[in-house]
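Here is a short briefing to read with the structure open beside you. It starts with one residue, moves on to a surface patch, and ends with the chain as a whole.

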Amino acid sequence: MARHVIAAVDELPPGTRKFLEIDGRPIAVFNIKGEYFGLMNRCPHQGAALCEGPLIGLAQSSDPGEIEYTKLGEIIRCPWHGWEFDIRTGQSYCDPRRFRVKAYPAHVEPGASVVKGPYVAETIPVSIESDYVVVDL
């Protein structure tokens, strides 16, 4: 699995998401309370840009008339048809046995480990074969 550096931590504060394309795949990375999660930005139902939908919570009930809201900001709702997926796992809450969204692990690494070398630059031979007119203003 290839690593891709996508942003500095301060560019993705809690409660935000970043859209990008990696190797031709539309991906969104979410910061949920300081934890990072990546999801394929495509709803398996009909291909909508899933991660452009609202972040919501999960309504659960253990007894009739008792509703508890959990996972606030951890469920993404498809903007086209309202299908819901867990950002942490990609699990569908509409049909969990048949549908899920591809989840990608995301984490924070110290800057020194991301930028350490050695780097090798590609070199290309260059020659200038003509004179140029230059105007000094």
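N31 counts as buried, because its relative accessibility is 3% and the cut-off for buried is under 20%. The model you are looking at is predicted. If you would like to find N31 in the fold, look in strand β2, which spans residues 25-32.

**Around N31**
- The side chain of N31 comes within reach of a backbone atom: the oxygen of L12, at 2.7 Å.
- Leaving aside residues up to four places away in sequence, N31 touches L12, P13, P14, G15, T16 and Y36.
- L12 therefore appears twice for N31, as the residue whose backbone oxygen is reached and as one of the residues touched, while N31 itself is buried at 3%.

**A nonpolar patch on the surface**
- I67, Y69 and L72 make a nonpolar surface patch of about 370 Å².
- Y69 belongs to strand β5, which covers residues 68-77.
- Is Y69 buried or exposed? Y69 is exposed, because its relative accessible area is 58% and exposed means over 50%.

**The chain as a whole**
- You will find one helix and seven strands in the chain, and their order along the sequence is β-β-β-β-β-β-β-α.
- The chain has 137 residues, and 29% of them count as buried.
- About 9900 Å² of the chain is exposed, with carbon and sulfur atoms supplying 54% of that area.
- Of the contacts between residues at least 6 apart in sequence, 37% join residues at least 24 apart.

Terms used. Residues are numbered from 1 along each chain as its sequence is written. This is a predicted model: local features need pLDDT of at least 70, side-chain atom pairs count only at pLDDT 80 or more; totals for chains, interfaces and linings use all residues. Side-chain values use heavy atoms; hydrogens and water are left out. Patches are made of residues with over 30% relative accessible area and no salt bridge: like charges are joined within 9 Å, nonpolar side chains (Val, Leu, Ile, Met, Phe, Trp, Tyr) within 5 Å. Accessible areas come from the Shrake-Rupley method with a 1.4 Å probe; for residues, only the protein chains shown count as cover. A salt bridge is a side-chain nitrogen of Lys or Arg within 4 Å of a carboxyl oxygen of Asp or Glu. Helices (H or I, at least four residues) and strands (E, at least two) are DSSP runs, numbered from the N terminus. Buried means under 20% relative accessible area, exposed over 50%, partly exposed in between (1.4 Å probe, protein chains only). Contact means heavy atoms within 4.5 Å. A polar contact is a pair of N or O atoms within 3.5 Å; within protein, one must be able to donate a hydrogen and the other to accept it, and residues adjacent in sequence count only if both atoms are side-chain atoms.
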